[in-house]
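Colleague: I'd like to learn how to read a model like this one, feature by feature. Could you take me through it?

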Amino acid sequence: MNVLIIAGIDGAWGVDNIAMLDKTANKEGYLTACENMMKDVNAAVEGFFDGGAEKVYVLDEENHFVDGMLDKRATLLNNDDWEKVVKEKKVDVFAEVCTHA
């Protein structure tokens with residue numbers, strides 16, 4: 001089983017106000033939101049591997065990932081790569097993590 005996770009930041013745990021998403025006006029809150037998002041994404045990656053995934057692809061949809069925090073087993077994709085992976089039918093499961101409704 002191959003998984004594609006698309007990650008946002010708005011739904012990360014601990015993000016309780018819009019000001020946390022403003023990296024210029026609220027640097028500390030923004031960093032906390034990014035770190036929490038990474039923890040959420042890594043929990044999903046771990047769960048998919050524990051559930052038998054062979055490959056987990058991750059797209060940082062809004063460019064909020066913290067360098068070096070993504071689970072090393074996951075494959076980080078850019079916007080062009082994820083479309084290619086989908087078109088080539090390399091994905092069996094799709095999940096959204098930390099995205100807003």
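Modeller: Sure, starting with the fold: the protein has two helices and four strands. Helices (H or I, at least four residues) and strands (E, at least two) are DSSP runs, numbered from the N terminus. Before going on, note that this is a predicted model, where local features need pLDDT of at least 70, side-chain atom pairs count only at pLDDT 80 or more, and totals for chains, interfaces and linings use all residues. Residues are numbered from 1 along each chain as its sequence is written, and side-chain values use heavy atoms, with hydrogens and water left out.

Colleague: In what order do the elements of the protein run from the N terminus on?

Modeller: The order is β-α-β-β-α-β. With a radius of gyration of 14 Å, close to the 13 Å that the globule rule gives for 101 residues, the protein is as compact as a globular protein of that length. That radius is taken over C-alpha atoms, and the globule rule is 2.2 Å times the number of residues to the power 0.38. Along the principal axes, the C-alpha atoms fill a box of roughly 40 × 25 × 25 Å.

Colleague: And what share of the 101 residues counts as buried?

Modeller: Buried means under 20% relative accessible area, exposed over 50%, and partly exposed in between (1.4 Å probe, protein chains only). Here 40% of the 101 residues count as buried. The protein exposes about 6,000 Å², and carbon and sulfur atoms supply 50% of that. Those areas come from the Shrake-Rupley method with a 1.4 Å probe; for residues, only the protein chains shown count as cover.

Colleague: How do I read contacts along the chain?

Modeller: Contact means heavy atoms within 4.5 Å. Among contacts between residues at least 6 apart in sequence, 71% join residues at least 24 apart.

Colleague: Let's try helix α1. Is Asn-36 buried or exposed?

Modeller: Asn-36 lies in α1, residues 27-50, and counts as buried because its relative accessibility is 5%. Leaving aside neighbours within four places in sequence, Asn-36 is in contact with Ala-12, Trp-13 and Gly-14. Asp-40, also found in α1, touches Gly-11, Ala-12, Trp-13, Val-97 and Cys-98, not counting residues up to four places away in sequence.

Colleague: Which residues does Ala-44 touch?

Modeller: Ala-44 has its place in α1 too. With residues up to four places away in sequence not counted, Ala-44 touches Ile-5 and Val-97. Ala-44 is buried, because its relative accessibility is 18%. Its C-alpha atom is separated by 9.6 Å from that of Glu-96, 52 residues apart along the chain.

Colleague: And how far is Gly-29 from Gly-47, C-alpha to C-alpha?

Modeller: They are separated by 27 Å, and 18 residues apart along the chain. Gly-29 sits in α1 and, at 12% relative accessibility, counts as buried.

Colleague: Next, backbone angles. Which residue other than glycine has a positive phi near 60°?

Modeller: That's Lys-89, in the loop between α2 and β4. Lys-89 is exposed, with a relative accessible area of 73%. Cys-98 has a positive phi as well, about 65°, although it is not a glycine. Cys-98 is in the segment after β4 and is buried, with a relative accessible area of 8%.

Colleague: Where is Asp-92?

Modeller: Asp-92 is in the loop between α2 (79-87) and β4 (93-97), and is exposed at 55% relative accessible area. Asp-92 touches Met-1 and Asn-2, not counting residues up to four places away in sequence. From Asp-92 to Ala-53 the C-alpha distance is 9.6 Å, with their places 39 residues apart in sequence.

Colleague: Last one: how many residues line the largest pocket?

Modeller: On a 1 Å grid over the protein atoms alone, a pocket is an open set of points where a 1.4 Å probe fits, with protein on both sides within 12 Å along at least five of seven lines; lining residues have an atom within 4 Å of a point. The largest pocket is lined by 15 residues, with Asp-60, Asn-63, Phe-65, Leu-76 and Leu-77 nearest its centre. The elements giving two or more residues to that lining are β2 (55-60) and β3 (75-77).
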